[in-house]
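I opened my notebook to get to know one protein chain. I wrote down each thing I looked up, in short entries.

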Amino acid sequence: MKTLFINIKELLQTRETNIDKVSGAEMAELPTIKNAFLLIENDIILDFGSMEKCPTEADKVIDVNGKIILPTWCDSHTHIVYAGNREQEFVDRINGLSYEEIANRGGGILNSAKKLNETSEDELYHQSKKRLEEVMLQGTGAVEIKSGYGLTVNGELKMLRVIKRLAENYPIKIKATFLGAHAFPKEYKENHQAYIDVIINEMLPKIAEEKLADYIDAFLETGYFSVEETEQIMLAGKKYGMIPKIHVNQFTAINGIEACVKHQALTVDHLEIVTDEDIEVLKNSSTMPVALPSCSYFISIPYTPARKMLNAGLPLALASDFNPGTTPSGNMNFVVATACIKMKMTPEEAINAATINGAYAMGISNTHGSITEGKKANIIITKELNSYYEIPYRFGSNLIDKVMIDGKFIE
Ligand code: NIG
Ligand code: FE
């Protein structure tokens, strides 16, 4: 079944030959074709180009006059699978408590873990699928989802099984990350090594046996997992082929990035605090830095210093961090807008960061993240727009007309 889109006002992120990511100054360049066509066959992009060269044969022709088409967002960092919500902590923060103070009172991640362990797998699936459906309608066509609110063998397995079930039941591409090292459960506060042993000796072998995770993560942060503790986790994961993608430098810089690069992490995520040394370490590595501006927005912490990083020649990906504590939103349109508004990324840089670089950050840039022959037919069709600048400019509006994932329109 061939579907032909004609009269596309502008087709964005067109890459004749595939690239896996863009870095530094290249990020300012977003290749586009004005007055374009796009031909797809089933779930694959077959051809695209200027309307002058538009093919005549197709089973279905869709005229999108005045509208822009771009690849769907690749959201490489989320915690979409969770139980309940934390709106009480949101109000506590408005009334003056900090994220850290709430966590120290047993709130935060441990609050979500308690709820998750009391929730059945079916109920967890039911709650999570609503969020997945929501982000698909907001234009996300590939998503990474982490565990990390179980913090028990059963809880972590429950989360990862729900992620697997979502991947089986929805057209959206899903990558799973094991984040058992998200926080230390209360009973291990004074004995970190005992919990790390549970992760390594009890959780990991079962997760590997059921093939439940592609990547391994840890919250490398003062008061959470130290550099040395995170290194143990990264090494253990790698034995099972799980590549590290690590939460690091959210609140403090403690040379965590250096350790992640040493262990060939695919990504280092958050980076609200970045030192000159961190930037040096990231240069000449294949590790992708990932910024999460909605998190900075929601809990009022600094934004990742994107300009400084891009000027140093680094690549950057943007992701949502959708989670109940620091980012109860998976809206990648808002992420792209906030990156432009608060991090001074240009629309071209932000779109590159949320498409091709997001794909790299979840190991799928050979199939996702650009309009390229042979890649998945994953597209956002906008409403009628003057130009793609409107995507970040009109930050609070829904500018999406239709989303297609794997060749299917999302209803
Ligand atoms: O990415 N920083 C660590 N983890 C999550 C938030 C966890 C929570 O508060 O539930 C994050 O922001
Ligand atoms: Fe996160």
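Is Q250 buried or exposed? I noted first that this is a predicted model. Then I looked up the residue: Q250 has a relative accessible area of 4%. The cut-off for buried is under 20%, so Q250 counts as buried.

**Entry: around Q250.** I placed Q250 in the loop between β10 and α8 (256-262). Next I listed its contacts, setting aside neighbours within four places in sequence. Q250 touches F219, E221, H270, E272, I273, C295, I299, I301 and T326.

**Entry: N249.** I moved to N249, in the loop between β10 and α8. Its phi is positive, about 60°, although N249 is not a glycine. I also checked its cover: N249 is buried, at 1% relative accessibility.

**Entry: the iron ion.** Which protein residues are donors of the iron ion (ligand 2)? I found H77, H79 and H247, each through NE2, and D321 through OD. These donors lie 2.1 to 2.2 Å from the ion. Along the chain I read their spacing as H-x1-H-x167-H-x73-D. H77 sits in the loop between β6 (73-75) and α1 (87-94), and H247 in strand β10 (residues 243-248), so this pair ties together parts that are 170 residues apart in sequence. I then looked up how covered the two are. H77 is buried, with a relative accessible area of 0%. H247 is buried too, at 3%.

**Entry: helix α12.** How many of the twelve residues of α12 are buried? I got ten, so this helix (residues 332-343) is mostly covered. The buried ones are M332, N333, F334, V335, V336, A337, T338, A339, C340 and M343.

**Entry: K344.** Just after α12 I came to K344. K344 belongs to the loop between α12 and α13 (347-354). I noted a phi near 60° here, a positive value in a residue other than glycine. K344 is exposed, with a relative accessible area of 56%.

**Entry: N154.** I wanted an entry on helix α5 (residues 153-169), and N154 lies in it. Is N154 buried or exposed? Its relative accessible area is 59%, and N154 is exposed. I also checked N154 against N117: the two are 37 residues apart in sequence, and their C-alpha atoms are 8.0 Å apart in space.

**Entry: the whole chain.** I stepped back to the full chain. I counted 15 helices and 16 strands in its secondary structure. The C-alpha trace spans about 70 × 45 × 45 Å along its principal axes. How does the radius of gyration fit a compact globule? For 411 residues such a globule would have a value near 22 Å, and the chain has 21 Å, so the two agree.

**Entry: cover and contacts.** I found that 59% of the 411 residues are buried. I then took the contacts with a separation of 6 or more. Of these, 75% join residues 24 or more positions apart.

**Entry: surface and charge.** The accessible surface is about 16,200 Å². Carbon and sulfur atoms hold 48% of that surface. I last looked up the charges: 42 are positive and 55 are negative. Their mean positions are 3 Å apart.

Conventions:
Residues are numbered from 1 along each chain as its sequence is written. Chains are lettered from A and ligands numbered from 1 in the order in which they are written. This is a predicted model: local features need pLDDT of at least 70, side-chain atom pairs count only at pLDDT 80 or more; totals for chains, interfaces and linings use all residues. Side-chain values use heavy atoms; hydrogens and water are left out. Helices (H or I, at least four residues) and strands (E, at least two) are DSSP runs, numbered from the N terminus. The radius of gyration is taken over C-alpha atoms; the globule rule is 2.2 Å times the number of residues to the power 0.38. Buried means under 20% relative accessible area, exposed over 50%, partly exposed in between (1.4 Å probe, protein chains only). Contact means heavy atoms within 4.5 Å. Accessible areas come from the Shrake-Rupley method with a 1.4 Å probe; for residues, only the protein chains shown count as cover. Lys and Arg count as positive and Asp and Glu as negative; His and the chain ends are not counted. The place of a charge is taken as NZ of Lys, CZ of Arg, CG of Asp or CD of Glu. Donors are N, O and S atoms within 2.8 Å of the metal (3.2 Å for Na, K and Ca); water is not among the atoms, so sites may look incomplete.
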